[in-house]
Amino acid sequence: MIHLRRTIILAVSLLIFSNLSCLAQDNAGRGSIAGQVFDEAGDHIPGAHVQLNDEQATITDESGRFAFQRLRPGAYTLRVSFIGFEAVQKSIQLDQGQALTEDFIIKEEAVNLSEVAVTGKSEASALRESVASVAVLEVKGLYAQSTNTSDIMKQIAGVNVRQAGGFGSDADIYINGMSGKQIKLFIDGIPISYFGSGLNLNVLPVNLMKQIEVYKGVVPVHLGADALGGAINIISRKEFSNYLDASYSFGSFNSHKVNLNGQLVNQEKKFLAGINSFFNYSDNNYKVDIEIPNEFGNPEPATVQRFHDRFSNYLLSMYAGVFDRSFADQLIFSARYSGLEDEIQHNAIMAQPYGEVAYDESTLGFSIEYEKKNILPNTDLKWYGGLNYTNGNFIDTTLNAYTWDGEVYRRRTDGGEISASRNLLALNSRNAVSRFNVHYTPWEKGQITLNIFSSWFRRTGEDPIAAEFYGQDYYTYPTVLTKNATGLSYQHSFGEALESYTAVKHFAYSADGYAIQNLEFQPNSQTLAKMGYSQSFRYQVSEQILTKASYEYATRLPDEYELFGDFTLIRPNPFLEPEQSHNINLGGQLNAKKVDVDLNLFYRLTENIIWLRTSQFFAQYQNLLKAAVKGLDVEVRYKPRPFIHIKANATFQDIRNRSPRNVTGTVDDRYFDARLPNIPYLFGNAEIRYQKKGFMGLNNRLSAWWSAAYVHDFYLFWAVDGNRDLKNAIPAQFIQNVGISYAFDDNRFAVTIESQNIFNQKAFDNFSVQRPGRAFTITLRTYIK
């Protein structure tokens, strides 16, 4: 059956390409005119109107690109216009068979806004109003801030982020009741996990991003991975202009962040080269309330600083390539070196402090990106290929046992702080990834997309100390994971009001790994294949109101860390089964002059849920039978004045166990339909931002903001067990942040002062794991265009 599906997909692909080849021969000798439209800042402009003589016209796509095909030789006039910008016109001579490239830079019109109402949709607005159930956060206005990406994510409706400590700690993302690995994270459509731990979402600087897209429910085919209930795609910053962007921030807990990004572009030779780099460091020595044994061994309350929680991560990435050539719209070669150093302060529930356990990792990666529109008539091609080499070291060798004041209170006779064997573990992993994406437009109202994503991962290790304990070095055995995701979609517009998106996906993986249980080596191999499919609709009720509906049968395959662990706090489980989920979304939008409202209703029915089961010393991913999720999220954006932005959102998600007692093995059905514990079910965010260009008539920009995040209290364990008044719970929290930023002379220099958790509230994302209190940060930034 698996081979039949693959054969069908391959046959469809070959049929499409054979037809295209015939079309290409029929149009031999015809020429083409293509290009891209930019503003003066170098940002591309989607939705611009491009007129060719009086015969043809088109609209630029999300990358600001346009193209006219099958043109006869002769003289042509191109005219580009966009609301709020001055029109630009060029006269062009096209020779026989010539593929001509013409880019345009258009300038903003100098208009009196009191007399003229200028309207137009940004790229983010166009995506938000598309058939996809997606929330979009533009981050360009946050470049001068030092806010962590995880805190930015919390501003999006339906999204919650739970961290296990301070800066650099593990972050768990929730979208409409789905969490953890059920939510796939991407950078420009490539899963973020392939770039190494040093580039995780919670530590990625906002300066590298253009916008953050959060897909709720149906994940589009072009992302090409096995997400179960949503995905986050970070669109990286791309500017086809010369610039230098440097910033430095310092703040509480001895935190430092340095960013340096720059690019050189030769418009005549269509060549560019650039660098992206950052370095982050924090002691994370904030105060926590804990218990320390006295001289009699009895625990006593105390407030101490975390003493073993330093974290740093870094990136040096260089790229070079060409653009707008006859053979490629874009061909970029990249090389990068990234990594992290992480001291581990405590176990999963902050009950046991560690004083010497540490982990470090470095990744050397290479990649190629190729893009060509109209490589064949009406066919666009994108390809990405990457190779990464990662080395990690986990050190847990000490016999010392520490208390929370950083003192050694005893010496063990054997075992490390985490593992029974002690570890001096060196890990070596390799991974390769390829994404092949084709867009074919057979007619004006329809588009076919084929996306093939393949990955390969292999890891080995060496641990002489553990080998002495077990009698052999099990870590030398390789763990190998190969995955493939193939997707085919068709998008169709029925006039101006109705739009449809239909997709089918095929997932397959092969895993070879092992587990060590009761000091026994247990090898395991798995090969699985699953299907997924989805259907989405968008209906434009009026100019200001639209509705959306979607259904998806989604499959998610376990990844390398769930199957093989990380050899530190997460134990391997190579026996995991894939997750499956039925996802339904219903949504609506109101886009008025001053007010925008987004409403999203969701339902999920998920089987074989993979969840992280924690204990005092380690954690392990396991399958949890079946659960149902229903809820809603709503966001309101209000702009009473051009310089005042108000935003608020709220989410309610009700996650219930749907496994009966004959499946779970319990003596009764008290857990059936009970709310799953240790998951927040009610939370929300708000922000008020003042942003004024030309403050007090000067050439400057002033921004000031207040933001807040609320999470309702929730139980650690099942609510149906025990006395509710005596149960462990994560308390309700209301955390507020403030900041002010002042930029001089077109952002050439900016200074920002921020305070997180301004009222120093106790903050907990996970039970008993305290997050930082009040913190202050100052950021200095220079931006030269």
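**Figure 1. A nonpolar patch on the surface of the predicted model.** Ten side chains are worth picking out here: Tyr 248, Phe 250, Val 258, Phe 279, Ile 740, Phe 744, Phe 749, Ile 753, Ile 778 and Leu 780 form a nonpolar patch on the surface, and together they have about 800 Å² of accessible area. Keep in mind that this is a predicted model. Where do the patch residues come from? Strand 17, strand 43 (733-744), strand 44 (749-756) and strand 47 (775-784) each bring in at least two of them. Take Ile 753 as an example: it sits in strand 44 and is partly exposed, with a relative accessible area of 45%.

**Figure 2. Thr 777 and the residues it touches.** Thr 777 belongs to strand 47, which is one of the strands that feed the nonpolar patch. Is Thr 777 buried or exposed? Its relative accessibility is 12%, so it counts as buried. Setting aside neighbours within four places in sequence, Thr 777 is in contact with Ser 146, Ser 249, Phe 250, Gly 251, Thr 752, Ile 753, Glu 754 and Gln 756. Two of those names, Phe 250 and Ile 753, should ring a bell, as they are also patch members.

**Figure 3. The whole chain, zoomed out for a moment.** Before the next close-ups, here's the full picture: the protein chain has 6 helices and 47 strands. Its radius of gyration is 27 Å, close to the 28 Å that the globule rule gives for 785 residues, so the chain is as compact as a globular protein of that length. Along the principal axes, the C-alpha atoms fill a box of roughly 95 × 70 × 50 Å. Buried residues account for 51% of the 785 residues. If you take contacts between residues at least 6 apart in sequence, 64% of them join residues at least 24 apart.

**Figure 4. A hairpin made by strands 20 and 21.** Strand 20 (residues 287-293) and strand 21 (residues 299-305) pair in the antiparallel sense, with 7 bridges. One of the pairings puts Ile 292 opposite its bridge partner in strand 21, Glu 300. The two strands form a hairpin with 5 residues between them, and Gly 297 in the turn has a positive phi of about 85°.

**Figure 5. A salt bridge that starts from the hairpin.** Asp 289 forms a salt bridge with Lys 762, and their closest N and O atoms are 2.7 Å apart. Asp 289 lies in strand 20, while Lys 762 is in the loop between strand 44 and strand 45 (763-766), so the pair ties together parts that are 473 residues apart in sequence. Asp 289 is partly exposed at a relative accessible area of 32%, and Lys 762 is partly exposed too, at 47%.

**Figure 6. More salt bridges to look for.** How many salt bridges does a search of the whole structure find? The tally is 30. In one of them, the side chains of Lys 184 and Asp 226 meet at 3.7 Å, N to O. This pair links distant parts of the chain, 42 residues apart: Lys 184 is in strand 13 (residues 184-187), and Asp 226 is in the loop between strand 15 (209-216) and strand 16 (230-236). Both Lys 184 and Asp 226 are buried. Another salt bridge joins Asp 654 and Arg 675, at 3.1 Å, N to O. Here Asp 654 is in strand 38 (residues 644-657), and Arg 675 is in the loop between helix 6 (661-664) and strand 39 (682-693), 21 residues away. Asp 654 counts as buried at 9% relative accessibility, whereas Arg 675 counts as partly exposed at 26%. Elsewhere, Asp 596, Asp 598, Glu 635 and Arg 637 are linked in a network of salt bridges.

**Figure 7. A three-stranded open sheet.** Here 3 strands line up in the order 10-11-12, with antiparallel pairing. Strand 10 (159-163) and strand 12 (178-179) stand at the edges with a single partner strand each, so one side of each has no neighbour in the sheet. Strand 11 (residues 171-175) is joined to strand 12 by 2 bridges, and Tyr 174 has Ser 179 in strand 12 as its bridge partner.

**Figure 8. Two loop residues with positive phi.** Most residues other than glycine have a negative phi. Phe 253 has a phi near 65° and lies in the loop between strand 17 (243-251) and strand 18 (255-266). Lys 270 has a phi near 55°, and its place is in the loop between strand 18 and strand 19 (271-282). Lys 270 is also buried, with a relative accessible area of 17%.

Note on methods: Residues are numbered from 1 along each chain as its sequence is written. This is a predicted model: local features need pLDDT of at least 70, side-chain atom pairs count only at pLDDT 80 or more; totals for chains, interfaces and linings use all residues. Side-chain values use heavy atoms; hydrogens and water are left out. Helices (H or I, at least four residues) and strands (E, at least two) are DSSP runs, numbered from the N terminus. Buried means under 20% relative accessible area, exposed over 50%, partly exposed in between (1.4 Å probe, protein chains only). Patches are made of residues with over 30% relative accessible area and no salt bridge: like charges are joined within 9 Å, nonpolar side chains (Val, Leu, Ile, Met, Phe, Trp, Tyr) within 5 Å. Accessible areas come from the Shrake-Rupley method with a 1.4 Å probe; for residues, only the protein chains shown count as cover. A salt bridge is a side-chain nitrogen of Lys or Arg within 4 Å of a carboxyl oxygen of Asp or Glu. Two strands pair if DSSP finds at least two bridges between them. The radius of gyration is taken over C-alpha atoms; the globule rule is 2.2 Å times the number of residues to the power 0.38. Contact means heavy atoms within 4.5 Å.
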